[in-house]
Amino acid sequence: MKYIDRKGNITIEENSQDKLLRHLYSDWGGRICLKILVRPFISKAAGVFLNTRLSARMVPGFVRRNQIDLSEYKRQEFRSYNDFFTREVKTGARPVSPGENILISPCDGKATVSRIGRDSRFYIKDTEYTVEQLLRNKKLASRYLGGYAVILRLTVDDYHRYCYIADGEKSPNVRLQGIFHTVNPAANDVYPVYKENTREYTLLKTDKFGTVVMMEVGAMMVGKITNHHTGTAKVTRGQEKGYFEFGGSTVVLLIQNGKVRIDYDLLENSENGYETIVRMGERIGECKLSKRTGKDHQGSTEPRKGSAAVSS
């Protein structure tokens, strides 16, 4: 794995989990096992065990191995492993970047940004996707040509709750049934996981950023994506949208062309093959200002950023 934080510090590592997944997805024997492991009933069965009191015994070792600081969470004792996995941070632990024109990250994770081509294609690592494949909706996909796909991959040590990225009105949720590959890059090098995995999305209509697709993608051993609002609703920036149960998972943002300036470091890091470490509420871009007037799409004046942002 190649990670970089917002200060430019680089981490290149491959842990035991990465090695196991690479074996599963690269070797013929591993692929035989995968045919069973990616099935929804396996994730559901794992979910049943991870909700038991017995599973809580796994928590101390996991916390120690992943160096998780439980002091920033509301509770330090848990009834089950899933109770631990869906733990909530204390108020103020994930501050929302100030400024209504600032686009924030919906979650903790490792971010990759890809430009969506005029033919709907974009790439995650070296795997090609189309927006139509992701949404299974050709008409909706056409609205995002020339825009951006922001992929935020959550690993098991991340905070697994996510929030709305702006004030706006959300549509009813659309659920697309699929299977449960891991979202680890070891799988993405072999399978187009983001168009095969179970996923759920909503359209968020905003004043500042156009209509943004917010999508949650399940992964191996993630049998449940829990969103708090299933129908149409008025929502606010930083309000909790939902959470994942155990496992790695991904949040995807689809942004319309001309609406947002993605921060330069995220674009550059993605171009160089690095995933950028971000946290929920952190700035990842800003409302795109009119070149002629220096105003945003709603007409309010705001100073342009310097090296932190780049025009699309």
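This report covers the fold totals, strand pairing, ring contacts and selected residues of one protein.

The model is predicted: local features need pLDDT of at least 70, side-chain atom pairs count only at pLDDT 80 or more, and totals for chains, interfaces and linings use all residues. Residues are numbered from 1 along each chain as its sequence is written, and side-chain values use heavy atoms, with hydrogens and water left out.

## Overall picture

The protein has 10 helices and 19 strands. Helices (H or I, at least four residues) and strands (E, at least two) are DSSP runs, numbered from the N terminus. Of the 312 residues, 54% are buried. Buried means under 20% relative accessible area, exposed means over 50%, and partly exposed lies in between, with a 1.4 Å probe and protein chains only.

Contacts are heavy atoms within 4.5 Å. Among those between residues at least 6 apart in sequence, 73% join residues at least 24 apart. The exposed area is about 14,500 Å², and carbon and sulfur atoms supply 51% of it. Accessible areas come from the Shrake-Rupley method with a 1.4 Å probe; for residues, only the protein chains shown count as cover.

## Strand pairing

Two strands pair if DSSP finds at least two bridges between them. One open sheet holds 3 strands in the order E3-E19-E17, with antiparallel pairing. Its edge strands are E3 (102–104) and E17 (260–262), each pairing on one side only. Neighbouring strands of this sheet are turned by 35° against each other on average, direction ignored. Axes here are lines fitted to C-alpha atoms, for helices over the stretch in contact, and angles run from 0 to 180 degrees between N-to-C directions.

Strand E4 (residues 109–115) is largely enclosed by the rest of the structure, because 6 of its 7 residues are buried. E4 pairs with E18 and also with E7, as the table shows.

| Strand pair | Sense | Bridges |
|---|---|---|
| E3 and E19 (residues 283–287) | antiparallel | 3 bridges |
| E4 and E18 (residues 275–278) | antiparallel | 3 bridges |
| E4 and E7 (residues 148–154) | antiparallel | 6 bridges |

Some partners can be named. Ile-104 stands opposite Arg-283 in E19. Gly-109 has Val-278 of E18 as its bridge partner. Thr-112 faces Ile-151 in E7.

## Rings and charges

The whole structure contains 6 aromatic pairs. Rings of Phe, Tyr and Trp (its six-membered ring) pair if their centres lie within 6.5 Å; planes under 30 degrees apart count as stacked, over 60 as edge-to-face and the rest as tilted.

Phe-62 and Tyr-81 make one edge-to-face pair, 5.7 Å centre to centre with 85° between the planes. This pair links distant parts of the chain: Phe-62 is in helix H4 (residues 59–65), Tyr-81 is in helix H5 (residues 81–85), and they are 19 residues apart. Both are buried.

Tyr-81 also pairs with Phe-84. Their ring centres are 5.6 Å apart and their planes stand at 70°, so this pair is edge-to-face. Tyr-81 and Phe-84 both lie in helix H5, 3 residues apart, about one turn of the helix. Both are buried. Ring pairs join Phe-62, Phe-78, Tyr-81 and Phe-84 into a cluster.

Two arginines sit over tyrosine rings. A charge counts if NZ of Lys or CZ of Arg is within 6 Å of the ring centre and within 35 degrees of the ring normal. The charged end of Arg-87 is over the ring of Tyr-73, 4.5 Å from its centre. Arg-161 lies over the face of Tyr-243, at 4.6 Å from the ring centre.

## Selected residues

Leu-253 belongs to strand E16 (residues 249–255). Its relative accessible area is 0%, so Leu-253 is buried. Not counting residues up to four places away in sequence, Leu-253 touches residues including Pro-106, Tyr-148, Ile-165, Met-214 and Ile-284. Leu-253 and Tyr-201 are 52 residues apart in sequence and 9.5 Å apart in space, C-alpha to C-alpha.

Thr-130 lies in strand E6 (residues 127–130). Thr-130 is buried because its relative accessible area is 14%. With residues up to four places away in sequence left out, Thr-130 touches Ser-120, Arg-121 and Phe-122.

Most residues other than glycine have a negative phi. Gln-67 is not a glycine, yet has a positive phi of about 50°. Gln-67 sits in the loop between H4 and H5. Its relative accessibility is 74%, so Gln-67 counts as exposed. Arg-136, also not a glycine, has a positive phi of about 55°. Arg-136 is in the loop between helix H6 (131–135) and helix H7 (138–141). At 48% relative accessibility, Arg-136 counts as partly exposed.
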